[in-house]
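Reader: I would like the labels on this model explained, each one set against its cut-off. Please show the structure before we begin.

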Amino acid sequence: MTESAWGPGVATAVGSLPGTDPVEAARTVVGELPELMPVPELPGRGVGADILGRTAGLLVDLAVEVVPSGYRVAGTPGMDHRRAVDLLRWDLDALEQAVAEAGAPRVVKVQAAGPWTLTAGIELMRGHRVLTDRGALRDFTESLTEGLIAHAEQVTARTGSRVVVQLDEPSLPAVLRGSLPTPSGYGNVAAVPEPDVQRLLGEVIEKLAAATGSPVVVHCCAKRPPVELLRRAGAGAISLDASGLGDVSGTFADELGEAWDEKTALFLGLTPSLEPAGQVDLRGIAQPAFDLATRLGFGKKTLAERAVPTPTCGLAGATPAWSRRALSLTKDLAKLFADEAES
């Protein structure tokens, strides 16, 4: 039987950290989150280090370049694409060094843009989004999947750790609503039907899970992420900002409750990503999670077993001092959930 990738006492982070030093970032996360360590992302380094550029660096037989409107498909890998590839390689070198110093994490989490966010954020040669062209959408999805599998294999080879893949899908709600602007700015890209979104995402999740032997996490920081769609697509865990859910009721409450019923984990964003004013109270940070479990009709044992605390979102905008404190607080939250379940 395969050991679970998470459980009581396990915490993690979304992925991004402040600063530009990959060695320092790797040392920080391997020290603070050894049970489920995210590979650090440092978007402060600029082009090629942001979510789209970093993910483009994983693509197989496809390349991008930077144009005034953002990232665009390129015929051959140029300076922009090579920079993304180099940054990722340096990150893996830093990760390997940190692991050699501190010991291998139990599980390493790698993050990349999911297929819908990636193809929503990259333009074709003529300026339209990749997702508007069925053939290009398929090509990018297959290239992303192949690249992520190879990336996971590299991380395992360098660390000796089990790897979990997280697909970041911040653009997914806009894809479903049809609120992405067209190149002219005067209209919106047509909404993609929910079954089509689920089918494509499900294919990627299935291949990644089979290749890694681990469940796949999907992160969406929208106020009302499409939980049922993500669960039906096969996500083993759904990562969301639990601090901003507000009144959980109706259909949304049913979706969250069914996720836990089906043993889909919830990665609950609880620790502030930016340093708050005033005192920070651990139980106050944890309260939205306890309230959610009560609202859904689950006890503290379920919260400990099927929830993983994280910061509310990435930590790239935080100060270095707060980012370290946030990781420590998140680890304390996991211990608090486990202790409450046993008491």
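Author: The turns below deal with salt bridges, burial and a pocket in this predicted model.

Reader: Why is the contact between glutamate 35 and arginine 106 called a salt bridge?

Author: The N to O distance between the two side chains is 2.8 Å. A salt bridge requires an arginine or lysine nitrogen within 4 Å of a carboxyl oxygen, so the pair qualifies. It is one of 18 salt bridges in the structure.

Reader: What makes this a link between distant parts of the chain?

Author: Glutamate 35 sits in the loop between α1 and β1, arginine 106 in the loop between α3 and β4, and 71 residues separate them.

Reader: How do you know whether glutamate 35 and arginine 106 are buried, partly exposed or exposed?

Author: Glutamate 35 has a relative accessible area of 34%, and arginine 106 has 24%. Buried means under 20% and exposed means over 50%, so both residues are partly exposed.

Reader: What makes aspartate 91 and arginine 45 a salt bridge?

Author: Their side chains meet at 2.9 Å, N to O, and the limit is 4 Å, so the label applies. Aspartate 91 belongs to helix α3, while arginine 45 lies in the loop between β1 and α2, 46 residues apart.

Reader: Why are aspartate 91 and arginine 45 given the burial class they have?

Author: The relative accessible area of aspartate 91 is 5%, and that of arginine 45 is 14%. Both values are under 20%, so both residues count as buried. Arg45 and Asp91 also belong to a salt-bridge network with Arg54.

Reader: How do you know where aspartate 86 and arginine 89 stand relative to each other?

Author: Both are in helix α3, three residues apart, which is about one turn of the helix. Their side chains form a salt bridge at 2.9 Å, N to O. Aspartate 86 has 25% relative accessible area and arginine 89 has 38%; these values fall between 20% and 50%, so both are partly exposed.

Reader: What lines the largest pocket?

Author: The largest pocket holds about 350 Å³ of space. Its lining has 15 residues, and those closest to the centre are Trp116, Arg134, Leu137, Val192 and Asp196. Helices α5 and α7 each supply at least two lining residues.

Reader: How does the lining divide by residue class?

Author: Nine lining residues are nonpolar, one is polar and five are charged. Of the residues named above, Trp, Leu and Val count as nonpolar, and Arg and Asp as charged.

Definitions and conventions. Residues numbered from 1 in each chain as written. Predicted model: local features only at pLDDT ≥ 70, side-chain atom pairs only at ≥ 80, totals over all residues. Heavy atoms only, no water. 1 Å grid on protein atoms, 1.4 Å probe; cavity = no way out; pocket = protein on both sides within 12 Å on 5 of 7 lines; lining within 4 Å. Points joined across faces, edges and corners; volume = space filled by probe spheres on them. Helix = DSSP H or I, 4+ residues; strand = E, 2+ residues; numbered from the N terminus. Buried < 20%, exposed > 50% of the residue type's maximum accessible area, 1.4 Å probe, protein only.
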